[in-house]
Every structure is written in C-alpha cells, then in structure tokens.
Amino acid sequence: MALGFQMLVLSGFVGDNSSEKDWLQVGLIAAVALITIILALMLWRLALRQPTRAKKGWRSPEAIRSVENVPPGYEYDVFLSFRGPDTHSNFTDCLYHSLRNNGIHVFLDNEALRVGKEIDGELLKALDKSRIYIPIFSKNYAASSWCLREVAHMVECTAKSDGKKEILPIFFDVDPDDVKLKTKLYKEAVPKHKKKFGSDALKQWEDALVKVAHLKGWELEGKGHGELIELVVGEVLCKLNARNVDVPEYWVEDHRQIEDILEKLEVDSDDVRFLGIHGIGGIGKTVLAKVVFNKISSHFEGVCFLNDVRESSRHGLINVQKKLLASFVGLVIDDLIKDIGDGMKWIKTVCHTKKVLIVLDDLDKQEQLKKLAGKSDWFGLGNRIIFTTRNLEVLMTQVEPSGEEVLNQPKGILAYEAHAMEYGRALQLFCKHAFRRDSP
C-alpha cells in the first residue's frame with residue numbers, strides 16, 4: 001500500500017506537460033491513499049487490544065448496570081449500617097430494596113453473622129469501597145459494638161476522602177440529641193463496651209457519634225416509612241447523579257470553546273437559562289456538553305445528562321420523560337405517568353422546587369425540547385438547560401412563558417455554534433487516536 005502511494009505521488013512528476021487537472025487528480029488519490037494507511041493503522045491497533053477485552057467475560061445486565069453506575073475506585077454506591085433487631089425486618093429491608101430497584105448498588109451488612117469478629121475482610125473492603133454511608137440510628141444502635149465500630153470507620157473513611165464520600169444519617173426512632181450523647185439513651189449504652197474494648201475505643205466511638213449526629217440527615221418523626229424512604233432514595237440519586245459523565249478517553253480539551261460556553265451559562269446567576277450548542281455532525285457538540293456538565297454539575301442539587309435523545313425518542317418521548325424524572329426522584333412516580341401530558345406536569349413540578357442542570361443531547365425536533373424542558377417557568381431559580389442539535393429550528397423554540405416578562409431573564413435560547421478545532425489541537429487529537437501519543 002505504501003509503495004503504491006509513493007508511485008502515485010512520483011507519477012505526478014513525470015513530464016512537463018501535465019495539466020492542472022492531472023495534478024489535482026494525483027493530489028486527491030494521494031490524500032485518499034494516506035487516509036487509507038492511517039485507518040489501517042488504527043484498525044490494527046484496535047485488533048491488538050481486542051483479546052484483552054474478551055477476557056473480561058460475560059456479566060448479567062444487572063451486574064453491568066451496577067458496575068457502570070459505580071464511580072472508579074468504588075464497588076458500592078451505598079453502605080447501610082443498622083441494628084438488626086430494631087429495623088432489619090421492616091424499614092431497613094424496604095429501604096434496601098427501594099435503593100436496589102432504582103439501580104443503586106447497596107451493601108447491606110448482616111450483623112448477626114459477625115458477632116465477635118473484627119472489622120476486616122469483606123466488611124472492611126465494603127466500607128472502604130462505598131461512596132455514601134447511611135447509618136440508621138435506632139434505640140438499641142449503641143448497644144451494638146459492631147454498629148459503633150462501623151460508624152467510627154465511616155467517619156475515618158470520609159475524613160480521608162477529600163470530599164468524595166459522605167454520611168447521610170437517619171434518626172429512626174431516636175432524636176439527634178440522643179446520638180450527640182446529650183441524653184441517657186446512648187450516653188449510658190456506650191460505656192457498657194469499655195471492659196471488652198477499652199477507653200480509647202470508646203472515645204473514638206463517642207467522637208464519631210457526635211460528629212455524625214451534627215450532619216444533615218432525616219428524622220422519622222412526623223413521617224411514614226414510605227415517605228422517608230422516598231426522601232432518602234431521591235437524595236441518594238441526586239448525590240450519585242452529580243458525578244461526572246464519561247468523556248472520550250482520547251480527548252483534547254478546547255479551552256476557548258469551553259470558556260465561551262461557561263460565560264454564556266453564568267452559573268452563579270439566579271435566572272433560568274436555555275443554551276443550545278449547534279453545529280454539523282461530528283464537530284464535537286456532545287463532548288463539549290459533557291465537559292461543561294462535569295465542570296458545573298457540583299453547583300446544582302440535581303443533574304441529568306440524557307444521551308442521544310433523537311434515537312431514544314423513537315421509542316416514545318414518554319420513556320425519555322421518565323428517564324429524566326428518575327434522575328431527580330427515582331422511579332417513585334413512574335407509574336403515575338400515563339401520557340406525555342403527565343410527564344410534562346411532573347417535570348415542571350419536580351424541577352420548579354430544585355436547582356437542576358439538564359443536558360439533552362442530540363435533539364432534532366422542537367417537540368422534544370417542548371416536552372422535556374417546556375418553558376422557563378417550569379424551573380426554579382438558577383436552573384440551566386443545555387441541549388445539542390444539528391437542526392437550527394430547535395434554537396427557535398419558544399421557551400419564554402406567555403405572561404409578563406421576568407426581570408433579568410434572558411429572552412429565548414442562548415446559542416453557541418461549535419467550531420472545528422484549531423490545527424494544533426486537531427493534530428494532537430488525531431495522534432492520540434492513531435498513535436496513542438500527543439505528536440506524530
């Protein structure tokens with residue numbers, strides 16, 4: 001192939017009477033040959049990597065979903081800590097299954113099987129590899145040395161996580177003051193472990209209890225079990241969905257375009273903004289949206305990135321609506337959405353009370369934006385809706401409410417046209433894909 005390419009190029013220099021048309025033909029053939037060689041190299045490298053992937057083996061759909069949902073470095077989304085006799089057969093069991101039904105990977109410890117054991121092996125790994133800890137404080141929680149050791153280890157893991165882990169306590173049938181050791185309930189229960197574990201351990205456990213009791217959590221008082229479980233599941237989903245979406249492995253960030261988009265979004269302002277990233281297919285709109293999403297997602301209570309809406313909507317926009325809502329409240333209202341109108345009503349209800357970031361990737365019709373994000377009065381203060389599209393008509397969608405103008409509210413959809421990369425970045429991106437390095 002390379003020899004043929006050289007002969008083609010050399011043939012362009014034979015004779016002095018070659019026409020301009022002949023030169024253009026030779027140049028075109030040479031370019032095609034060069035592209036063919038490059039593609040062959042890329043396929044060769046891909047083939048070399050394929051056997052390694054094959055060794056990973058088959059996984060069930062549920063296992064695949066769990067692994068994809070859990071961030072790198074974690075094996076579990078949630079670790080549930082509870083006193084078995086108090087809550088296991090009722091509240092904790094219902095919470096566990098509700099979390100699982102919403103695609104959340106949960107570690108549920110069985111205290112009864114671990115009496116007298118140290119925190120090591122599977123449990124230590126589960127604690128270390130979990131992202132969110134949920135201790136369920138009940139009347140007899142402090143009577144279990146095992147539960148106390150779990151709480152102390154949660155505090156230790158969280159302190160070393162650089163903000164990547166957190167504890168969300170549930171005060172089941174106790175008051176936060178009980179856990180803060182301000183009442184007799186826990187204050188008298190903890191010292192009973194002194195003979196077996198010593199003063200140092202007790203001090204560590206007491207400090208951990210007080211620290212966790214000061215964290216924002218939930219109290220059962222005044223709520224039913226179902227209502228509390230919905231609140232917990234919704235909050236966990238919001239926490240988990242705040243993590244970054246994947247960007248291509250071989251990506252070169254275009255800082256200028258990212259900064260231009262961030263300037264238009266102005267995430268610190270309290271208005272509602274719609275931003276459409278438009279451009280030809282393959283220009284990099286989706287990757288730009290993902291990079292921006294990762295940079296600003298921490299500013300919002302709830303976030304949702306819907307990939308390939310154009311393709312997903314072929315199976316019905318109602319399913320896309322349900323997927324959008326599941327990002328904020330789980331599947332608790334899934335059965336309540338019977339048609340597109342129901343979906344629009346619930347999106348407005350949910351998003352009006354939260355500060356949310358929504359990204360709708362690859363819209364090709366105005367209807368999709370109207371049914372998924374409606375108008376600016378669907379959303380609360382500071383919300384941002386970003387979408388990507390090739391169709392300029394989508395940018396013309398009416399998103400202002402029909403009533404009076406809102407002060408300081410941008411009119412219409414803010415537009416950003418994605419541009420081709422500068423030559424230097426484009427060359428770097430090509431080399432990353434073709435040669436797995438930054439330069440030829």
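This report walks through a predicted model of a protein chain, from its overall make-up to a few residues worth finding in the viewer.

## The overall picture

The protein chain has 17 helices and 11 strands. Of its 440 residues, 45% are buried. What share of the contacts between residues at least 6 apart in sequence join residues at least 24 apart? The share is 77%.

You can see an example of sequence and space telling separate stories by finding Gly343 and Asn319. They are 24 residues apart in sequence, and their C-alpha atoms are 9.1 Å apart in space.

## One helix up close

Let us turn to helix α15, which covers residues 340–351. This helix has 12 residues, and from its first C-alpha to its last it reaches 16 Å, close to the 16 Å expected at 1.5 Å a residue.

Which residues of α15 are buried? They are Asp342, Gly343, Ile347, Val350 and Cys351. Seen down the axis of α15, these buried residues fall within an arc of 140 degrees, so they line one face of the helix. A general rule helps here: an α-helix has 3.6 residues a turn, so residues three or four places apart point the same way.

What does the buried part of α15 pack against? Its partners are α14 (317–329), β9 (356–363) and α16 (366–372).

Gly343 is a good residue to click on in this helix. It is buried, with a relative accessible area of 0%. Leaving aside its neighbours within four places in sequence, Gly343 is in contact with Gln321, Leu325 and Ile337.

At the N-terminal end of α15 you will find a cap formed by Asp339. A side-chain oxygen of Asp339 lies 3.1 Å from the backbone nitrogen of Gly341.

## Pairs of opposite charge

Side chains of opposite charge can pair when their charged atoms come close. How many salt bridges does the structure hold? There are nine. Three of the pairs are set out here.

| Salt bridge | Closest N and O atoms |
|---|---|
| Lys125 and Glu75 | 3.4 Å |
| Lys203 and Asp207 | 2.8 Å |
| Glu311 and Arg314 | 3.0 Å |

The salt bridge of Lys125 with Glu75 links distant parts of the chain, with their places 50 residues apart in sequence. Lys125 sits in helix α5 (residues 121–128), while Glu75 is in the loop between α3 (61–69) and β1 (76–82). Lys125 is partly exposed at 45% relative accessibility, and Glu75 is partly exposed at 32%.

Lys203 and Asp207 are both in helix α9 (residues 194–213). Because they are four residues apart there, about one helical turn separates them. Lys203 is partly exposed, with a relative accessibility of 46%, and Asp207 is partly exposed at 41%.

In the last pair of the table, Glu311 is partly exposed at 33%, whereas Arg314 counts as exposed at 58%.

Salt bridges can also join up. Glu266, Asp271, Arg273 and Arg384 are linked in a network of them. Glu266 has its place in the loop between α11 (255–265) and β7 (273–278), and is partly exposed at 42% relative accessibility.

## A buried lysine

Is Lys165 buried or exposed? It is buried, yet it has no salt bridge. The nearest side chain of opposite charge is that of Asp128, 5.9 Å away. A salt bridge needs the nitrogen and the carboxyl oxygen to be within 4 Å, so Asp128 at 5.9 Å does not form one with Lys165.

What does the side chain of Lys165 make a polar contact with? Its partner is the side chain of Tyr133, at 3.3 Å. Lys165 has its place in the loop between α6 (145–159) and β4 (166–167). Leaving aside neighbours within four places in sequence, its contacts include Tyr74, Leu127, Ser130 and Cys157.

## Two positive phi angles

Two loop residues are worth a look for their backbone angles. Glu266, from the salt-bridge network, has a phi near 40 degrees, a positive value in a residue other than glycine. Asp308 is not a glycine either, and its phi is positive at about 45 degrees. Asp308 is found in the loop between β8 (302–306) and α13 (309–312), where it is partly exposed at 31% relative accessibility.

How values were computed. Residues numbered from 1 in each chain as written. Predicted model: local features only at pLDDT ≥ 70, side-chain atom pairs only at ≥ 80, totals over all residues. Heavy atoms only, no water. Helix = DSSP H or I, 4+ residues; strand = E, 2+ residues; numbered from the N terminus. Buried < 20%, exposed > 50% of the residue type's maximum accessible area, 1.4 Å probe, protein only. Lys, Arg positive; Asp, Glu negative; His and termini not counted. Polar contact = N/O pair within 3.5 Å; in protein donor to acceptor, adjacent residues only side chain to side chain. Contact = heavy atoms within 4.5 Å. Expected span 1.5 Å × (residues − 1). Arc of directions from axis to C-beta.
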